[in-house]
Every structure is written in structure tokens, then in C-alpha cells.
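Hi,

Here is the structure I said I would pass on. Have a look at it first, and my notes on what turned up follow underneath.

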Amino acid sequence: MQTTTDKSFRDLGLDSGTLAAVHQAGYETPSPIQAELIPIALSGRDCIGQARTGTGKTAAFMLPSMERIDPRRPGVQLLVLCPTRELSEQVFHESKKLSNNRLQIGIAVGGRPIHSQIRALENGVQAVIGTPGRVIDLLRRKALDLRGLRIVVLDEADRMLDIGFRPDIERILKACPKKRQTLLLSATMPEPVERLARRYMSDPEMVDLSEDSVVVDTIEQFYVTVDEDRKASLLLRVLAQEKPSQAIVFTRTKRGADRLFEKFSRRLKSSRIAAIHGDLPQRKRDRVIRDLRAGKLRLLIATDVVGRGIDISGISHIINYDIPEDCDDYIHRVGRTGRLSSSENGRAITFVTLAQGSELTKIEMRINAVLPRYPIQNFEPFRRPERPKRRVRRFGMA
Ligand code: AMP
């Protein structure tokens with residue numbers, strides 16, 4: 001992945017206070033999305049940025065937004081909506097780092113006591129980062145007043161729509177002043193995102209960095225064909241062969257994640273395994289993410305909603321135990337490794353049953369690459385049909 005450009009942060013029009021904060025954060029050169037998006041956002045224009053997590057997009061929208069709000073005026077001027085609590089917290093921490101105490105920043109997420117969030121708002125918070133559900137709740141209680149808002153950011157807009165936040169997003173946008181700046185970030189640009197953008201944005205400029213870097217090139221990607229009932233043994237075999245420093249294993253369902261966790265924590269007799277999904281209490285989710293970040297976990301079993309957007313640089317392996325239901329999820333999952341802040345190459349291995357050949361083909365078409373078969377020794381991951389009636393054609397692409 002291209003992580004640097006020939007521009008410097010100074011070339012982007014940022015003020016000296018922001019440049020000092022960027023320097024303190026240890027960023028030397030802007031990433032491509034930062035180089036493209038920052039000047040547009042600073043000019044006050046609406047902007048759609050197509051870039052995945054891990055490319056530096058948080059700073060791309062936060063740096064110009066923070067500069068465009070008035071630090072002397074109390075009250076919410078900037079609202080950032082994110083699909084999950086984890087992502088909100090990540091954006092919150094990154095923003096605090098980048099604001100250098102020049103602004104009051106608050107968080108509005110479910111699973112946390114609402115009263116402390118209300119108190120922070122009463123104390124004059126100027127930027128709020130949160131999930132649509134809690135933001136609506138705060139609006140209903142009249143604790144959050146968006147009348148003085150100047151900028152709204154929709155981060156991971158595609159995922160927010162996927163998990164059913166459309167009515168909440170529309171309600172929030174309707175509560176915002178018409179005269180405002182809207183920035184929309186999305187790894188993919190499906191029709192519902194475009195519709196949302198057309199309806200709520202004014203003549204947005206497009207920044208598309210997705211084409212050549214749909215999946216970063218520091219990731220080696222493979223597929224392996226496997227029978228459903230041999231997946232667990234295959235996973236054991238892959239782990240033995242790869243010896244990952246840290247791996248995330250993605251399942252499609254919460255129950256699937258729990259079942260796999262039970263099986264593996266028993267078999268591997270290890271406390272360095274955890275599962276994370278939307279049904280776990282917030283406290284537990286926080287602990288798991290903390291442990292992962294601290295390197296205490298070697299294996300995290302996760303579903304898409306929670307696994308997405310997690311910014312952890314030490315992940316060496318992504319294993320798609322269940323092939324993702326849609327191609328964009330593949331990109332998001334695999335984006336958990338080979339991240340900007342990681343110096344090592346990552347590996348992604350996708351388990352595919354014979355019946356899922358066409359799903360793999362769709363992913364390959366989306367990432368514009370044909371995945372090689374994962375080399376596995378002394379293991380027959382699926383029972384070959386003795387006399388196949390027809391050949392199983394895996395590739396739809398020539
Ligand atoms: P994001 O895509 O916003 O989740 O950022 C991914 C990671 O890259 C975070 O850990 C950031 O702190 C880091 N990062 C963002 N911008 C830069 C930059 N220009 N130089 C180095 N690291 C960066």
C-alpha cells in the first residue's frame with residue numbers, strides 16, 4: 001500500500017497548532033487520503049472519501065474539522081457518527097491525541113452510563129463522537145443540541161447503513177442545520193450510500209482512493225477449500241502451520257463465534273483466546289479489545305460488526321472461518337491486517353466450502369485478483385466426490 005505522498009502536512013493548508021499536534025502524534029507525512037481530503041475539507045466543501053480503515057482516514061476528517069470549529073464557543077459544533085462503540089472510541093482517542101487539548105471532545109455511545117455523557121454536554125462539549133442510537137437518545141432527552149452544528153461526519157457510512165442505522169442517520173441529519181458541512185467516509189460505495197449522499201450533501205467532491213488499494217498489497221491472501229465439518233480441524237492445522245503472532249478468526253454468526261470459542265479454548269487449553277460479538281456486555285468487549293491491543297490474546301474470534309474498524313497493528317493473520325456474506329465485508333475483514341502502522345506483512349486465509357465457489361469468485365472480482373490456493377500439508381480438507389457428475393468450476397473469471 002502506498003502510505004506516503006510527495007506532499008507534506010504543511011502543504012495541506014493546516015494551521016500551526018494543528019501541525020504541532022500532528023508532529024506530536026508522530027505523523028511525518030500525510031497518507032494519500034489525508035493529502036486529498038484535508039484541503040477540500042478545510043475549504044468547507046462537502047466531501048465523500050472512499051477509503052478503508054487503516055489508511056489514516058480518522059485524521060483526514062478530524063484535522064480539518066477541528067480547525068473549522070470555534071474553540072472559544074461552547075456547544076456542539078462537530079458531530080462524528082460511527083457504526084460501533086469500538087470505532088467511536090477509537091476515533092475519540094485519536095481525536096483527543098490530535099486536538100492537543102484545544103477542544104472539548106465528548107463521546108456518545110450506548111453501553112455506557114448516559115448521565116456522564118449528558119453532564120459532559122452540559123459542560124460545553126464542542127465535538128461529539130458516537131453511534132447513531134445513543135445520539136438519537138440524547139437528542140430525545142434534549143441533552144444534545146445540534147442547532148449550532150457546523151460539521152457532521154458519517155464515518156463508515158456503508159456499515160452504518162448495513163446494520164440498520166438508516167432511519168437514525170436520517171433523523172439526526174434532519175436535526176442538523178441545513179447550512180453545514182457534511183463529510184462522508186466509506187470503504188465501499190453501494191447504491192444506498194450514494195442515495196444518502198445525494199439527499200443530504202450539497203455538491204460533494206469525491207475522493208476515491210479505493211481503486212488501486214482495495215486490499216493493501218502487504219497482505220498475502222489465500223483460499224482453502226474445506227468441508228463444513230472439517231473447518232475446525234483445518235483451523236487447528238492452519239494455526240500450527242502459520243504460528244500467527246495474533247490472529248482474528250471471523251465467523252458469520254454470534255453463535256458460531258461462541259461455539260468455536262468453546263471448542264478452541266478447551267482444545268488449546270489457552271487463556272489467550274477470546275470471542276467478541278454484539279451480544280457481549282460492553283465491559284467484556286472493552287476488556288477483550290484491551291487484551292488484544294496489549295498482545296495478551298493470540299486468537300480472537302469475531303463477527304463482522306465488532307471486528308470491523310478495530311485498529312490494532314499487531315494482527316498477523318486474518319482467517320475467514322466462514323466466507324463473508326458480501327464482498328465488502330471481505331475487504332473490511334482483511335483490512336484488519338497489514339495496517340498503516342504495521343511494518344510486517346499480514347496473511348489472510350479464507351475457508352470456502354465446495355458450494356461457496358461462486359462466492360469466492362465474486363470476492364475475487366471485487367478485489368480484482370485471483371487468490372492462490374493455500375498450501376496445506378498432510379491434510380485432506382474435503383472429501384472429493386468419488387465420481388463427480390460435473391466438474392466444479394471455481395473461477396468465473398478467465
Ligand atoms: P485510521 O485509518 O484512521 O484508523 O488510522 C490507522 C492508524 O494509522 C492509526 O493508528 C493512526 O494513528 C495511524 N496514522 C494515521 N495517519 C498517519 C500518518 N500520516 N502517519 C503515520 N501514522 C498514521
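**Val153 and the cores**

Setting aside residues within four places of it in sequence, Val153 makes contact with Phe61, Ser65, Leu78, Leu79, Val80, Leu81, Leu183 and Leu185. Before you read on, keep in mind that this is a predicted model.

Val153 is also part of something bigger: the largest nonpolar core has 37 residues, and the members that touch the most other members are Leu37, Phe61, Leu63, Leu78, Val80, Ile129 and Val153. Which elements feed this core? At least two residues each come from α1 (16-25), α2 (32-42), α3 (57-67), β2 (78-81), α4, β4 (127-130), β5 (151-154) and β6 (181-186). There is a second, separate core too, with 34 residues, and Leu79, Ala108, Leu144 and Ala157 are among them. As a general point, nonpolar side chains in soluble globular proteins tend to be buried together.

**Three helix pairs**

Start with α2 and α3, both of which supply residues to the largest core. Their axes are 9 Å apart and the packing angle is about 25°. Angles under 35 degrees count as roughly parallel, so α2 and α3 are roughly parallel to each other. The crossing is right-handed. On the α2 side the contact uses Ile33, Gln34, Leu37, Ile38, Ala41 and Leu42, and on the α3 side Lys57, Ala59, Ala60, Phe61, Leu63, Pro64 and Glu67. Sorted by class, that is 10 nonpolar residues, one polar and two charged. Leu37, Phe61 and Leu63 may look familiar, as they are among the core members with the most contacts to other members.

Next come helix α8 (residues 166-175) and helix α9 (residues 191-200), which pack at about 15° with axes 12 Å apart. That angle makes α8 roughly parallel to α9, and α8 passes α9 in a right-handed crossing. From α8, the residues involved are Arg166, Ile169, Glu170, Leu173 and Lys174, and they meet Pro192, Arg195, Leu196, Arg199 and Tyr200 of α9. Here the split is five nonpolar and five charged, with no polar residues.

The third pair is helix α4 (residues 85-99) with helix α12 (residues 282-293): the angle is about 55° and the axes are 11 Å apart. α4 and α12 are therefore oblique to each other. This crossing is right-handed as well. Arg85, Glu86, Glu89 and Gln90 of α4 meet Gln282, Arg285, Asp286, Ile289 and Arg293 of α12. What does this contact look like by class? There are six charged residues, two polar and one nonpolar.

**A buried arginine**

Is Arg333 buried or exposed? Arg333 sits in helix α14 (residues 327-334), and its relative accessible area is 1%, so it is buried. Leaving out residues up to four places away in sequence, Arg333 touches Phe250, Thr251, Arg252, Asp304, Ile318, Asn320, Asp322, Ile323 and Pro324.

**Two residues with positive phi**

Neither of these is a glycine: Lys142 has a positive phi of about 60°, and Asp203 has one of about 45°. Lys142 is in the loop between α6 (132-140) and β5, while Asp203 is in the loop between α9 and β7 (205-208). Lys142 has a relative accessible area of 74%, so it counts as exposed. Asp203 is exposed as well, at 61%.

**Far in sequence, with a distance in space**

Two last pairs to click on. Asn378 belongs to the segment after α15 (357-367) and is exposed, with a relative accessibility of 73%. Asn378 is 141 residues from Arg237 in sequence, but their C-alpha atoms are 9.4 Å apart.

The other pair is Ala20 and Asn100: they are separated by 80 residues in sequence and by 8.7 Å from C-alpha to C-alpha. Ala20 is in helix α1 and is partly exposed, at 39% relative accessible area.

Cheers

Technical notes. Residues numbered from 1 in each chain as written. Predicted model: local features only at pLDDT ≥ 70, side-chain atom pairs only at ≥ 80, totals over all residues. Heavy atoms only, no water. Axes fitted to C-alpha atoms, helices over the stretch in contact; angles between N-to-C directions. Helix = DSSP H or I, 4+ residues; strand = E, 2+ residues; numbered from the N terminus. Parallel < 35°, antiparallel > 145°, perpendicular 65-115°, else oblique. Left-handed = near helix turned anticlockwise from the far one by under 90°. Contact = heavy atoms within 4.5 Å. Nonpolar A, V, L, I, M, F, W, Y, C, P; charged D, E, K, R; others polar. Buried < 20%, exposed > 50% of the residue type's maximum accessible area, 1.4 Å probe, protein only. Core = buried A, V, L, I, M, F, W, Y, C linked by side-chain atoms within 4.5 Å.
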